[in-house]
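Dear colleague,

Please find below the structure that I am handing over to you. A summary of the salt bridges found in it follows.

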Amino acid sequence: QVQLVESGGGSVQTGGSLRLSCAASGRSIDGYSMAWFRQIPGKAREFVSAITLNSDKTYYSDSVKGRFAISRDDAKNTVFLQMNSLKPEDTAVYFCAAALGYRVYESYDYWGQGTQVTVSS
């Protein structure tokens, strides 16, 4: 079992930045692909970004490409999402997810509880 706890959410103005962290416990994440998703109330959860095991590859949704950067520190069992040039449409609850082995857009096994990001215009 892997437990995930997100932090770093908050309220910023348009153009601002936030850095989300996802701290994992229970097992080392070095054999896991890690991802960030987001969800607006009443809408389906949306893929934001993923980083495969060994930081082999990173993936981004078109809506965040060029503005967000995912990274991982397996020694600290932590994954990060650096969010720059934030827009009001980035407002959502952001979830961290983990999957053993290679994953990108779906089929994640473990989820955090989410952290709220609010971007005001």
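A search of the whole structure, which is a predicted model, finds 5 salt bridges. Three of them are described here, among them two that involve Asp90.

One salt bridge joins the side chains of Asp90 and Arg38, with an N to O distance of 3.0 Å. This pair links distant parts of the chain: Arg38 belongs to strand S4 (residues 32–39), whereas Asp90 sits in the loop between strand S8 (78–83) and strand S9 (92–100), and 52 residues separate the two. Asp90 counts as buried because its relative accessibility is 1%, which is under 20%. Arg38 is likewise counted as buried, at 6% relative accessibility.

The side chain of Asp90 also meets that of Arg67 in a salt bridge, at 2.7 Å from N to O. Here again distant parts of the chain are linked, as Arg67 lies in the loop between strand S6 (58–60) and strand S7 (68–73), 23 residues from Asp90. Arg67 has a relative accessible area of 10% and is therefore buried, the cut-off being under 20%. Through salt bridges that share partners, Arg38, Glu46, Arg67 and Asp90 are joined into one network.

A further salt bridge is formed by the side chains of Asp62 and Lys65, at 3.4 Å from N to O. Is Asp62 buried or exposed? Asp62 is exposed, because its relative accessible area of 68% is over 50%.

As general background, side chains of opposite charge can pair when their charged atoms come close.

Yours sincerely

Methods. Residues numbered from 1 in each chain as written. Predicted model: local features only at pLDDT ≥ 70, side-chain atom pairs only at ≥ 80, totals over all residues. Heavy atoms only, no water. Salt bridge = Lys/Arg side-chain N within 4 Å of Asp/Glu carboxyl O. Helix = DSSP H or I, 4+ residues; strand = E, 2+ residues; numbered from the N terminus. Buried < 20%, exposed > 50% of the residue type's maximum accessible area, 1.4 Å probe, protein only.
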